Amino acid sequence: MFIDTLLIGISSGAIYSLMALALVLVWRSTRVVNFAQSGQAVLSTYIGYEITSKTHNYWISLPLAIICGALIGSLVDLLFMSLLSKRVKSGPIAEIAPVIATLGLLGLIQSVIGLIWGNAFLQYPSPLSGKGFTFGSHTVPFSPQNLFIVLASATVLAIFGVVFRFTNLGLALRASSFAPEIAQLAGIRVSRVRNIGWSFAGAAGAVAGAVITPTSTLSPNSLDLLFVSGFIAAVIGGLDSLVGAVVGGLVLGIGFSFILQYISSSVTFLAGFIILMIVLLVRPRGIFGKRVGRNA
Amino acid sequence: MNQGLVVSNLSIDYGSVSAVKDLSFALTPGELVAVIGSNGSGKSTLIRSLSGLIAPTTGAASWNGRSLLGKKPEELVREGIVHISEGKSVIPELTVAENLALGGLWRSDKNDVRLAHEESLQIFPILATRLNQRADSLSGGERQMLAIARALISRPQLLLLDEPSLGLAPLIIEQIFVALNNLRKRYGLTVLLVEQNAMSALKIADRGLILHLGQLVTSGTPAELMQDPQLRAAYLGF
């Protein structure tokens with residue numbers, strides 16, 4: 001029973017990790033908490049759904065949905081966020097305006113989806129079996145689809161981890177997010193780099209939508225709850241750390257799973273915030289949050 | 001066309017407030033000019049407009065015949081005009097090595113970037129021992145050295161320095177200014193140095209400009225400026 005509960009926790013934790021990774025990617029590139037992330041992810045998932053419907057092949061739709069996710073992320077930046085940051089440069093409004101803008105954008109994207117596809121719950125066919133692996137006579141609650149989600153999460157972490165840590169683009173992304181003015185004065189084309197950051201996050205969100213939705217249903221709001229869990233996971237992980245996003249997702253997923261199994265299903269959602277509070281009280285900067293340096 | 005820096009009738013307004021008023025001056029290539037003035041004299045505003053961070057209201061500014069105005073800061077860096085800003089000139093969350101790498105990230109001549117990197121560490125050897133530390137673990141003086149070292153990796157022609165002595169101990173200020181003077185001689189840099197610390201700045205400057213409330217009060221060699229008791233009392237503070 002313990003192992004089964006752990007496996008359920010890992011598979012749902014991997015789902016939260018994917019959404020958390022998308023949020024952390026935007027945060028690391030732009031210092032914006034993107035509340036439109038679930039809207040962007042669900043839009044690219046609808047596009048993937050359309051492609052799957054036409055081609056009857058999930059494996060063709062997956063990369064195309066990821067590309068569309070990246071393009072959506074880029075457009076969100078070009079049409080909304082960068083225009084906003086050019087107009088509102090400093091003061092308290094500059095801090096809050098992007099958050100409000102992404103909330104508005106979430107509503108806009110979901111309305112557009114509703115107009116095009118309607119609000120009905122759609123079944124996104126799963127390319128992999130949802131039946132658990134069988135070992136001897138015991139079937140564990142961990143299916144090939146769950147394994148795919150875990151692998152997708154690990155792949156996203158590995159790819160973006162390498163990009164941020166070991167490439168010039170990653171350094172430019174980090175510099176542009178931490179201190180855009182200093183980055184500009186060092187010769188970095190900050191607007192262009194931030195746009196790439198939005199594209200990366202859009203692509204990661206598209207992966208989340210495309211691998212998670214086959215386990216449930218697709219609707220304009222179908223990723224909203226997942227976004228909340230992903231957000232909690234990202235904060236638990238320190239908001240700035242890709243590894244932290246994955247660990248945060250796993251902490252949350254495994255925590256939910258054990259609470260559901262051994263306490264009650266009615267407190268599961270509340271438990272997310274309790275886990276968040278406990279982590280932040282013990283580690284105020286999140287599990288992987290960096291310490292603050294000395295004042296020169 | 002090595003005409004250096006030419007600033008003509010530059011005015012910069014913040015709404016109804018004039019920060020810089022009809023300012024004109026020129027720097028010949030290789031010259032180090034100190035812009036001196038108290039808080040609110042328009043020094044930082046001037047330097048921020050020359051590096052593309054703010055747009056002037058009227059006037060013109062050019063480097064070797066090419067206009068500086070209307071260009072983005074990152075484009076000006078690529079043309080050899082590098083601004084080291086006041087107080088917050090390094091990225092605290094990045095390591096020393098990463099901060100240095102930023103200076104050459106956009107440059108295509110990677111061999112020269114490597115060479116410039118080595119030269120920078122020879123000039124500021126303390127940085128070589130701190131490469132893997134986050135920049136926010138450095139002292140104020142080390143951060144200023146890091147900012148100058150990063151700028152050198154960009155191979156600048158014109159260095160715009162905004163208050164490099166801000167918040168530093170006198171001994172560190174001395175070290176930074178000696179290093180700065182050596183650098184401009186070694187690389188033939190043209191330097192516009194904005195400073196409140198008139199004494200230190202004029203020690204290494206070829207000329208000084210004194211700004212007050214956005215207007216040029218006077219200019220001259222350090223000896224000329226320091227000989228005038230009224231200027232010393234009113235603007236130089238020593």
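The radius of gyration is taken over C-alpha atoms, and the globule rule sets its expected value at 2.2 Å times the number of residues to the power 0.38. In this predicted model, chain B has 238 residues, for which a compact globule would have a radius of gyration near 18 Å; the value for chain B is 17 Å, which agrees. Along the principal axes, the C-alpha atoms of chain B fill a box of roughly 50 × 40 × 35 Å. Buried residues make up 45% of the 238 residues of chain B. Of the contacts in chain B with a separation of 6 or more, 68% are between residues 24 or more positions apart.

The secondary structure of chain B consists of 10 helices and 10 strands. Six strands of chain B form an open sheet with mixed pairing, in the order β6-β7-β8-β3-β9-β10. At its edges lie β6 (81–84) and β10 (215–220) of chain B, each of which pairs on one side only. From one strand to the next, the twist averages 15 degrees.

Strands of a sheet pair through backbone hydrogen bonds, in either a parallel or an antiparallel sense. Both senses occur in the sheet of chain B, where the pairing is mixed. The edge strand β6(B) runs parallel to β7 (residues 158–162) of chain B, and four bridges join the two. Within this pair, B:H83 has B:L160 of β7(B) as its bridge partner. Strand β3 (residues 32–36) of chain B is likewise parallel to β9 (residues 207–212) of chain B, with four bridges between them. Here B:V35 is bridged to B:L209 of β9(B).

On the other side of the sheet order, β9(B) and β10(B) are antiparallel and share five bridges. B:L209 has B:S219 of β10(B) as a bridge partner, in addition to its bridge with B:V35. The strands β9(B) and β10(B) form a hairpin with two residues between them, in which B:L213 takes a positive phi near 50 degrees.

Most residues other than glycine have a negative phi. Two further exceptions were examined, one in each chain. B:N64, which is not a glycine, has a positive phi of about 50 degrees. This residue is found in the loop between β4 (58–63) and β5 (66–67) of chain B. B:N64 counts as partly exposed because it has 17 C-beta neighbours inside 10 Å, and a residue is buried only from 20 such neighbours upward. In chain A, A:L239 has a positive phi near 65 degrees and lies in the loop between α9 (224–237) and α10 (242–262) of chain A. A:L239 has 22 C-beta neighbours inside 10 Å and therefore counts as buried.

Helix α8 (residues 190–212) of chain A has 23 residues, which at 1.5 Å a residue should span 33 Å; its end C-alpha atoms are 33 Å apart, so the two values agree. This helix, α8(A), is mostly covered, with 21 of its 23 residues buried.

The contact between the chains takes 19 residues from chain A and 29 residues from chain B. On the side of chain A that touches chain B, α6 (168–178) and α7 (180–185) of chain A each supply at least two residues. The most comes from α6(A), which gives six residues. By class, this side of chain A has 11 nonpolar, four polar and four charged residues.

Note on methods: Residues numbered from 1 in each chain as written. Chains lettered and ligands numbered in written order. Predicted model: local features only at pLDDT ≥ 70, side-chain atom pairs only at ≥ 80, totals over all residues. Contact = placed C-beta atoms within 7 Å. Nonpolar A, V, L, I, M, F, W, Y, C, P; charged D, E, K, R; others polar. Expected span 1.5 Å × (residues − 1). Buried ≥ 20, exposed ≤ 12 C-beta atoms within 10 Å, placed from the backbone. Pairing = 2+ DSSP bridges. Axes fitted to C-alpha atoms, helices over the stretch in contact; angles between N-to-C directions.
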